[in-house]
Structure formats: C-alpha cells, structure tokens
Amino acid sequence: MELYLDLHSQPCRSVFLFAKAVGIPFEVKLVEISKGQQYTDEFGQPSIIRKVPVMKDGSFVLTESTAILKYLVQKHASSVADHWFPAELQQRARVNEYLSWQHMNLRAHGSKVFLLKSMFPIIMGSEVPKEKMSAAVEDLNQSLQMLEEKFLQSKPFIIGDKISLADLVAIVEIMQPVGAGVDVFVGRPKLSAWRDRVKKAIGEKLFDEGHEAIMAVSGLMEKMKSSDELEMLKQKFKKLFS
C-alpha cells in the first residue's frame, strides 16, 4: 500500500498516525504541497483531485482522509481494535457524527487561523489585518467550545472510554494552529487533559513524529520566500481572504 502524504497537512497526519499506530504497513510517497508537487503529472496519475492524502492499495485508489481511515479499519478489521470505529451501531454513528461536523467547523476554522498566522505575511508581504485575525480566532474558539461541550462532555474520549477515529481527526486539526504559535490549550484544562490522553493512546513518540513538521513550520515559511510557487499562492490567498 502506498500513501501520498505531506505531514504539514492535517488529513495526511491522521492517516499516517492511524496506520502507524495500528501497525498497517505502507510506503510513503512524499508530495510537498509548498512546492506545488500536487500539480505535477506524476501526482496526477493516482489522483486528478490533486489533493493529499491519497491511498493506493494495489490498483485501488482512494482519496479523502476520512474515507481512507474507514477503509483501513474495515480492511484490517481482524487486527484493528474495535474502539477505533466501533461495530456497534450507535457508537459508530457518534464517530460519523463528529467526522461530518468537523470538516466545516474545527477543520475550517483551525486551518484559517493557521494560514493567516503563518502563511499570510510571507505570501502577501504584509501583516494580517487585525480584524481578520480576531474573527478567525473567535470562530476557532467557538468550534473548540463545541468540541468540549457537545462532543467531549465529561468523557475521556469523544465516544467514551477509548480513543476513536473522531479523537484522532480532532487532535490533528487542533495541532495546526498550535504549530502556527496559537496555543489553544491555554485556559482549557479539559481540552488539555483530553489531548494528553489522546497522545498517550497513540503513543507519545509517534504523536511527536507525526507533528514534527508542523511544529517546525516556521522553517518551511522561510523557504517559501524564494519559492517559484509564491505568486500562484498569492493569487489563491487573494481569493480566500479578499
């Protein structure tokens, strides 16, 4: 099995961490998004969508991280613990509920804070307008509050006593703004305790390996200053944040 990944990407990290944590063998095909490698002819072969992650299992190609995660659970059901994506109807529905919610909420808002904080000044050559940054952080705070109050509540993990795909997808999204220097865990003891449990369940060494790139993202930003892709990214940012 081949996984096309860039670990600066949250969805890529979720697939990478899951496969590693449960012992599914795979070969990494690195796709450096900052260099525009997703637009090369080589990457266009497995996926015309031109987004990572992509899984190639023999001749079967699958895109979208949550689809890949569910595929891996079900293909390796004999060796993957049930708590990741429970067979019980209502428990599985709770995982799917979170995965459906997060894309337009925690993912969207965490990504926006990350892009504004870490990439906007490099790509646009100016500081982020204060009102844009404040609004983005407020949206992120609301999503984090919903994660705590609706999904986590007083449970150790999102669906109960054990980690699931929901927790894994949540943590990689939250670590994105953290990598940009926005520590969302400050003043949130419940969220901090949950993060520590997730980290322990995944394995602290593996967790740190998966997040090494995003925690050193400032180095990538410096490299991007001389990137040939800078002008293309500038046009994309104008559309996103105009």
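## A guided tour of a two-domain chain

Start by selecting Y4: it stands opposite K29 in β2. Strands here are DSSP runs of E with at least two residues, helices are runs of H or I with at least four, and both are numbered from the N terminus. Before going on, note that this is a predicted model, in which local features need pLDDT of at least 70 and side-chain atom pairs count only at pLDDT 80 or more, while totals for chains, interfaces and linings use all residues. Residues are numbered from 1 along each chain as its sequence is written, and side-chain values use heavy atoms, with hydrogens and water left out.

**Stop 1: the sheet.** Now select residues 2-5, which are strand β1; this strand and β2 pair in the parallel sense over four bridges. Pairing requires that DSSP finds at least two bridges between two strands. Widen the selection to the open sheet, where four strands run in the order β2-β1-β3-β4 with mixed pairing. At its edges are β2 (27-30) and β4 (60-63), each pairing on one side only. From one strand to the next, the twist averages 20°. Next, pick helix α3 (residues 65-75), which packs on the sheet and touches β3 (54-57) and β4; its direction makes about 130° with that of β4. Such angles run from 0 to 180 degrees between N-to-C directions, with axes fitted to C-alpha atoms, for helices over the stretch in contact.

**Stop 2: the two domains.** Colour domain 1 (2-81) and domain 2 (84-240) separately; these bounds come from an automatic or database domain assignment. Their C-alpha centres lie 19 Å apart. How many residues of domain 1 are in contact with domain 2? There are 23, and they meet 29 residues of domain 2, where contact means heavy atoms within 4.5 Å.

**Stop 3: the core.** Select F18, Y98, I158, I174 and W194: of the 64 residues in the largest nonpolar core, these touch the most other members. A nonpolar core is a set of buried Ala, Val, Leu, Ile, Met, Phe, Trp, Tyr and Cys residues joined through side-chain atoms within 4.5 Å, and buried means under 20% relative accessible area (1.4 Å probe, protein chains only). Helix α7 (residues 165-179) gives the largest share of this core, 10 residues. Why does the core lie between the domains? Domain 1 (2-81) and domain 2 (84-240) both give residues to this core, so it lies between them. Finish by zooming in on F18: leaving aside neighbours within four places in sequence, its contacts include L69, W84 and L165.

Notes. Buried means under 20% relative accessible area, exposed over 50%, partly exposed in between (1.4 Å probe, protein chains only).
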